[in-house]
Amino acid sequence: MARVVVDVMLKPEILDPQGQAVQRALPRLGFEGIADVRQGKRFELEVEGPVDDAALARIHEMAETFLANTVIEDFTVRVDS
């Protein structure tokens with residue numbers, strides 16, 4: 001079985017309050033030097049059969065219609081080796 005990873009992140013122009021909360025907390029926890037934090041989602045899909053162009057196209061469609069809200073989020077699809 002192959003693994004395909006879909007990473008979903010808020011678009012750069014969209015406010016990320018969770019990322020901002022993490023970024024503000026880091027210095028209080030002793031982690032200095034972090035200028036910005038953006039939080040996202042990661043989906044790991046175990047694919048039955050070969051991960052060919054057709055399978056990747058279907059996963060891309062899945063990400064676009066179900067895994068990501070494309071109004072406010074961007075996503076990438078990649079095969080994990």
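Which residues make up the largest nonpolar core of the protein?

## The nonpolar core

In this predicted model, the largest nonpolar core has ten residues in all: Val4, Val6, Val8, Leu45, Val47, Ile59, Ala63, Leu67, Ala68 and Phe75. Three elements give two or more residues to this core, namely β1 (2–10), β2 (40–47) and α2 (53–67). As a general point, nonpolar side chains in soluble globular proteins tend to be buried together.

Val4 is a good place to start exploring. Leaving aside residues up to four places away in sequence, Val4 touches Phe43, Glu44, Leu45, Val47, Val51, Leu56, Ile59, Val77, Arg78, Val79 and Asp80. Among these partners, Leu45, Val47 and Ile59 are members of the core as well.

## Overall build

Stepping back, the protein has two helices and three strands. Following the sequence, they come in the pattern β-α-β-α-β. The radius of gyration is 16 Å, well over the 12 Å that the globule rule gives for 81 residues, so the protein is more spread out than a compact globule. The C-alpha trace spans about 50 × 30 × 15 Å along its principal axes.

Contacts across the sequence are worth a look too. Taking contacts between residues at least 6 apart in sequence, 73% join residues at least 24 apart.

## Surface and charge

How much of the protein counts as buried? The figure is 25% of the 81 residues. The protein exposes about 5800 Å², and carbon and sulfur atoms supply 55% of that area.

As for charge, the protein carries 9 positive and 15 negative charges, and the mean positions of the two sets are 7 Å apart.

## Two partly exposed residues

Now let us visit Met62, which sits in helix α2. Is Met62 buried or partly exposed? Its relative accessible area is 32%, and buried would require under 20%, so Met62 counts as partly exposed. Beyond residues up to four places away in sequence, Met62 touches Leu45 and Leu67, both of which belong to the nonpolar core. Met62 and Val6 are 56 residues apart in sequence, and their C-alpha atoms are 9.9 Å apart in space.

Ile72 lies elsewhere, in the loop between α2 and β3 (73–80). With a relative accessibility of 31%, Ile72 is also partly exposed. Which residues does Ile72 touch, not counting those up to four places away in sequence? They are Met9, Leu10, Lys11 and Ile14. Between Ile72 and Phe43, which are 29 residues apart along the chain, the C-alpha separation is 17 Å.

Technical notes
Residues numbered from 1 in each chain as written. Predicted model: local features only at pLDDT ≥ 70, side-chain atom pairs only at ≥ 80, totals over all residues. Heavy atoms only, no water. Helix = DSSP H or I, 4+ residues; strand = E, 2+ residues; numbered from the N terminus. Rg over C-alpha atoms; globule rule 2.2 N^0.38 Å. Buried < 20%, exposed > 50% of the residue type's maximum accessible area, 1.4 Å probe, protein only. Contact = heavy atoms within 4.5 Å. Areas by Shrake-Rupley, 256 points an atom, 1.4 Å probe, with all protein chains shown as cover. Lys, Arg positive; Asp, Glu negative; His and termini not counted. Charge placed at Lys NZ, Arg CZ, Asp CG, Glu CD. Core = buried A, V, L, I, M, F, W, Y, C linked by side-chain atoms within 4.5 Å.
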